[in-house]
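I sat down with this entry to look up a handful of local features and to write each one down in turn. My notes are below the display.

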Amino acid sequence: MSGGPATSRYVKIVPILPFYRIYFDDGAYFDYDGDPARTREQISRLAPQDLEGYERFHRDAKAIFDRGFLQLGYTHFGDVGSMLRVVPELLRLDAVRSLFSFTSKYFQSDKLRQVFSFEPLLVGGNPTSVPAIYAMIHFVEKTWGIHFAMGGTGALMQAMVRKYQELGGTIRYNSEVRKINVTAPDGRPAGRLGRRVARGVSLADGTTLEADLVVSNGDYAKTHLDLIDPGVRLIQSDTRVKLMRQSMSVVVIYFGFRADGLALDLRHHNIILGPRYEDLLGDIFNRKILSPDFSQYLHLPSLTDPSMAPTGHHAAYTLIPVPNNASGIDWTKEGDALVDRVLAMLDERGYIPGLRQRLVHKSFVTPDYFDTTLNSYLGNAFGPEPVLTQSAFFRPHNRSEDIERLYAVGAGAQPGGGTPSVMMSAKMTARLIAEDLHLN
Ligand SMILES: Cc1cc2nc3c(=O)[nH]c(=O)nc-3n(C[C@H](O)[C@H](O)[C@H](O)COP(=O)(O)OP(=O)(O)OC[C@H]3O[C@@H](n4cnc5c(N)ncnc54)[C@H](O)[C@@H]3O)c2cc1C
């Protein structure tokens with residue numbers, strides 16, 4: 001879906017301005033909307049000494065966007081050669097150092113270092129370890145804007161279902177895949193050696209579906225470790241999958257509250273940063289501990305689309321980055337306590353005054369939901385963590401290297417997580433299939 005006239009037959013997509021309001025712990029904020037003049041105004045207000053640094057950042061991030069996104073965005077890095085060809089240029093653009101260290105070259109202000117580096121968190125990446133190639137997000141947003149599907153993500157899904165059905169596709173709901181069936185090319189049982197071909201899937205209810213090819217949109221590690229018979233898996237692939245760093249997880253609190261005629265000093269997208277930045281990221285991604293402080297992304301869609309909540313109410317969710325389940329945190333104990341702390345903070349710090357009295361609905365999910373209900377390895381929320389050693393050629397390939405006619409798509413495959421990327425991933429996988437089936 002392009003967002004153009006053809007898309008509007010299926011779903012109404014509207015631009016959101018500002019893109020984000022970023023609140024700092026001292027109450028100051030930065031409204032980011034991609035317009036260079038307004039961005040300069042915001043920088044002058046917070047840290048005028050960094051105006052010149054912003055100009056340099058803008059120029060260098062654009063160069064990364066031009067090469068890394070416009071030219072290479074749809075490249076499937078299937079062999080080492082494809083990767084080696086771009087390495088010299090990435091080095092020249094300084095795009096392989098960490099994004100946080102990249103932004104720190106241009107900005108002296110801690111606040112601006114956070115504003116221009118937090119974005120990878122939206123796709124599960126740690127700003128202090130994702131490569132600076134992610135500076136391109138700044139330009140992706142500036143170029144195309146930030147949008148909302150009226151009716152929410154569910155409306156986007158329904159639109160895609162309709163389009164898919166019009167194209168002749170059928171969808172089988174509530175059908176958990178338990179196994180991807182693999183045989184030798186002649187249909188006899190396959191082993192670890194020799195050619196192996198995906199033949200279809202077996203479902204939890206015992207049904208076997210035969211297929212010309214299999215594309216897995218499920219979590220990459222779980223697809224490999226749980227759905228493919230160990231007898232046909234390569235040991236080196238098992239090791240690689242188990243050693244992969246999985247992205248962070250999230251606690252998401254969905255809540256509704258009475259508007260009570262009070263205006264909110266919030267925007268559709270609010271990033272509310274806690275008192276610590278780099279240390280908190282270290283707790284989440286490296287030390288994997290639940291910190292007493294937190295940052296959050298507060299989403300208020302009813303400001304844009306009042307139909308998201310009953311009349312006189314707001315619908316919201318807030319997303320708190322937390323370690324994935326390699327942490328050993330017992331979410332059955334910690335979940336409620338964290339939710340209470342977050343809602344109390346939104347109330348007491350005046351983001352939503354009186355929230356706890358105005359609350360009419362509250363529910364939440366923790367990493368356990370991602371782990372068990374969504375089948376994500378270690379409860380990761382965004383697939384393998386986007387670090388340099390798990391990007392491009394080093395990220396799982398969309399065409400299996402081990403098993404013929406088996407493909408991956410979505411956040412676990414190339415190019416990575418986030419709705420725009422998984423749509424790109426779908427195109428990349430479709431092209432590989434067309435190539436393999438000689439459909440071009
Ligand atoms: C709280 C939250 C908010 C987000 N907000 C945004 C946003 O505003 N904008 C944005 O661009 N991105 C956002 N993202 C990221 C984005 O949602 C994901 O990157 C994207 O949905 C990944 O798409 P996917 O198709 O790879 O996987 P998913 O959307 O996770 O779909 C995979 C599906 O496979 C199913 N599955 C797994 N195993 C099996 C099995 N064995 N059998 C059958 N089915 C199986 C799962 O149940 C799941 O439904 C958000 C993510 C989270 C967690």
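The entries that follow go from the domains to the ligand, then to one helix pair, and last to single residues.

**Entry 1, domains.** I noted at the outset that this is a predicted model. I then looked up how the protein chain is divided, and found domain 1 at 32-145, domain 2 at 172-245 + 382-436, and domain 3 at 248-373. For domain 2 and domain 3 I also took the separation of their centres, which is 33 Å over C-alpha atoms.

**Entry 2, the ligand.** Which residues come nearest to the ligand? Of the 19 residues around it, I listed Gly218, Asn375, Gly410, Ala411 and Thr419 as the nearest. Two elements, strand 9 (249-258) and helix 16 (419-436), give two or more residues to this shell. The largest share, three residues, comes from helix 16. By residue class I recorded 10 nonpolar, seven polar and two charged residues in the shell. I also asked where the ligand lies with respect to the domains. Both domain 2 and domain 3 give residues to the shell, so I wrote down that the ligand lies between them.

**Entry 3, helix 3 and helix 8.** I next turned to the pair formed by helix 3 (residues 51-71) and helix 8 (residues 136-144), whose axes come within 8 Å and cross at roughly 85°. Because of that angle, I entered helix 3 as roughly perpendicular to helix 8. On the helix 3 side the contact is made by Ala61, Lys62, Ile64, Phe65, Gly68 and Phe69, and on the helix 8 side by Met136, His138, Phe139 and Val140. I classed the residues of this contact as seven nonpolar, two polar and one charged.

**Entry 4, Val115.** I found Val115 in helix 7, which covers residues 110-115. Is Val115 buried or exposed? I counted 26 other C-beta atoms within 10 Å, and since 20 or more is the cut-off, Val115 is buried. Setting aside neighbours within four places in sequence, I recorded contacts of Val115 with Ile22, Phe30 and Tyr32. I also checked Val115 against Leu273, and these two are 158 residues apart in sequence but 9.9 Å apart in space, C-alpha to C-alpha.

**Entry 5, cis peptide bonds.** I looked at the bond from Leu17 to Pro18 and found it cis, with omega near -10°; Pro18 sits in the loop between strand 1 (13-15) and strand 2 (20-23). I then went to Gln414 and Pro415, which are joined by a cis peptide bond with omega of about 0°. Pro415 has its place in the loop between strand 14 (406-408) and helix 16, the helix that I had already noted as giving three residues to the shell around the ligand.

**Entry 6, positive phi.** I looked up Asp260, a residue other than glycine, and read a positive phi near 50°. Asp260 lies in the loop between strand 9 and strand 10 (269-272). With 12 other C-beta atoms within 10 Å, Asp260 is exposed, because the class takes in residues with 12 or fewer. Lys288, likewise not a glycine, has a positive phi of about 50°, and I placed this residue in the loop between helix 12 (278-287) and strand 11 (296-299). How exposed or buried is Lys288? I found 18 C-beta neighbours inside 10 Å, so I entered Lys288 as partly exposed.

Notes: Residues are numbered from 1 along each chain as its sequence is written. This is a predicted model: local features need pLDDT of at least 70, side-chain atom pairs count only at pLDDT 80 or more; totals for chains, interfaces and linings use all residues. A residue is near a molecule or strand if its C-beta atom, placed from the backbone, lies within 6 Å of it. Ala, Val, Leu, Ile, Met, Phe, Trp, Tyr, Cys and Pro count as nonpolar, Asp, Glu, Lys and Arg as charged, and the others, Gly among them, as polar. Domain bounds come from an automatic or database domain assignment. Two residues are in contact if their C-beta atoms, placed from the backbone, lie within 7 Å. Axes are lines fitted to C-alpha atoms, for helices over the stretch in contact, and angles run from 0 to 180 degrees between N-to-C directions. Angles under 35 degrees count as roughly parallel, over 145 as roughly antiparallel, 65 to 115 as roughly perpendicular and the rest as oblique.
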